[in-house]
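User: I would like to go through this model with you, starting with its open spaces. Please keep the answers short.

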Amino acid sequence: FFLADEDVEEQVERLLSGQGSEVTVCDVGLEQSKPATLRKNVTYIVCAVIFNEKEVLMVQEAKPDCYKQWYLPAGRVEVGESLEEAMKREVKEEAGFESEPVTLLLIQEQGPQWIRFIFLAKVTGGSLKSLSAADQESLQASWWDRQSELQLRGRDILRLIESGLKYRLSPGHPVTLPLDLSCRHVVQRLVLVFVGAEEHIWVLLIRGDPEPCIIYSAQTHAVTWAANMVVQEAMQSAYYDHDVNTLGVLSLQHNGRQHGKTDGVCFNTLVALTPDHVQRDEDGRKVEWTPTGQPPRVEHPCYVWHEVQKQTLREKLLEKTRNAALVPIHSLY
């Protein structure tokens with residue numbers, strides 16, 4: 001059966017505005033997923049990018065494998081913590097400051113078993129940790145002007161600092177902080193859109209469900225591969241003629257309070273399905289191809305395209321797909 005257009009479009013609008021909703025059922029990939037359990041089959045890292053006027057907050061490592069090297073305040077999320085609580089704890093332990101998150105800057109992943117959440121944050125109290133307060137968490141903290149010599153633990157943080165500087169100058173996405181909504185697995189809720197001729201726009205749905213489909217992330221793939229799984233299942237014939245582009249994260253859901261029951265994460269993501277304009281035949285030769293302006297035909301009975309009727313929603317979706325003003329999610333595979 002089909003749902004009223006307003007039900008579907010209301011759900012999509014909620015997600016576009018940065019809201020979320022409880023994950024009650026999942027539509028695809030259950031057999032490839034186990035409940036997320038911190039310290040057992042998932043590791044979440046939090047990382048804080050904090051500036052004063054012109055410098056970035058750095059901490060000197062105490063761990064034997066990177067002793068005396070410098071890094072951003074960062075560490076593993078502990079059992080029972082939310083992502084924000086973990087970030088605040090790490091900044092306090094390693095740098096001596098009380099802090100508050102400003103927004104998620106970026107998410108990096110190596111599949112659902114290792115995900116790093118990078119926050120832009122600000123100091124709200126405390127004082128800079130000095131060498132006299134050195135402990136197993138860190139030796140000391142310091143502000144770095146990014147010019148003077150500093151022995152870095154890893155150059156990966158330069159990109160994160162750059163993202164923070166860019167965001168301060170000109171925010172590339174709305175303020176986005178984790179929503180306190182529990183989830184058992186690492187999943188994606190997909191707002192998967194196809195933009196056709198004359199700015200008509202379609203959203204792929206599970207038939208009979210008023211909200212975008214939810215997919216378990218397979219342990220063997222990047223988190224964002226879930227979108228490819230759906231397109232492959234829904235329209236197999238058209239899969240290789242289209243690009244599946246995960247544009248970014250609209251919002252993120254995590255609770256973490258009940259070990260093994262709410263350690264999961266739900267990424268509410270915007271995904272664009274776009275025709276690959278270079279078509280080839282079976283021998284790899286280029287062939288002439290004219291786009292129809294219509295979404296590819298759905299071949300699986302569970303899925304259906306919904307054409308967006310509401311003008312304001314169409315405009316919002318077009319704007320988001322063109323500018324991708326969303327929290328980026330990068331695969332480190």
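## Pockets, cavity and core

Analyst: The largest pocket has a volume of about 350 Å³. The model is predicted.

User: Which element gives the most residues to the lining of the largest pocket?

Analyst: The lining of this pocket holds 19 residues, and K63, A74, G75, R76 and R153 lie nearest its centre. At least two lining residues come from each of β4 (74–76), α2 (83–95) and β6 (114–126). With four residues, the element that gives the most is α2.

User: How many residues in the lining of the largest pocket are charged?

Analyst: The nonpolar class has six residues there and the polar class two. Among the residues nearest the centre are K63, R76 and R153, and Lys and Arg count as charged. The charged residues of the lining number eleven.

User: What is the volume of the second largest pocket, and which element gives the most to its lining?

Analyst: This pocket has a volume of about 150 Å³. Its lining includes L105, L106, S163, K166, Y167 and H330. Both β5 (97–109) and α3 (156–169) supply at least two residues. The largest share, three residues, comes from α3.

User: Which residue is the charged one in the lining of the second largest pocket?

Analyst: By class, the lining has four nonpolar residues, five polar and one charged. Asp, Glu, Lys and Arg count as charged. Among the lining residues, the one that fits is K166.

User: How much space lies in the largest cavity?

Analyst: The search of the whole structure used a threshold of 30 Å³ or more and found one cavity. Its lining is S33, K34, P35, A36, N41, V42, P112, V186, S217 and Q219. Five of these residues are nonpolar, four polar and one charged. The space inside is about 40 Å³.

User: How far apart are the centres of the two domains?

Analyst: Domain 1 covers 5–37 + 177–331, and domain 2 covers 43–169. Their contact takes 27 residues from domain 1 and 24 residues from domain 2. Taken over C-alpha atoms, the centres are separated by 31 Å.

User: In the open sheet of three strands, which are the edge strands?

Analyst: The order is β3-β2-β7, with antiparallel pairing. Five bridges join β2 to β7 (residues 140–144), and two bridges join β2 to β3 (residues 70–71). An edge strand here pairs on one side only, which leaves β3 and β7.

User: Why is strand β2 largely enclosed by the rest of the structure?

Analyst: In a regular strand, side chains alternate between the two faces of the sheet. From β2, V56, M58 and Q60 point one way and L57 and V59 the other, all of them buried. The strand is largely enclosed because its buried residues number five of five.

User: Which residue of β3 stands opposite Q60, and which residues of β7 are the bridge partners of V56 and L57?

Analyst: Q60 of β2 stands opposite W70 in β3. On the β7 side, L57 has W143 as its bridge partner. The bridge partner of V56 in β7 is W144.

User: How many residues of helix α4 are buried?

Analyst: Helix α4 spans residues 225–234 and is mostly covered. Its buried residues include A226, M229, V230 and A234. They pack against strands that include β8 (186–195), β11 (242–254) and β15 (303–307). Of the ten residues of α4, the buried ones number seven.

Methods: Residues numbered from 1 in each chain as written. Predicted model: local features only at pLDDT ≥ 70, side-chain atom pairs only at ≥ 80, totals over all residues. Heavy atoms only, no water. 1 Å grid on protein atoms, 1.4 Å probe; cavity = no way out; pocket = protein on both sides within 12 Å on 5 of 7 lines; lining within 4 Å. Points joined across faces, edges and corners; volume = space filled by probe spheres on them. Buried < 20%, exposed > 50% of the residue type's maximum accessible area, 1.4 Å probe, protein only. Pairing = 2+ DSSP bridges. Domains from an automatic or database assignment. Contact = heavy atoms within 4.5 Å.
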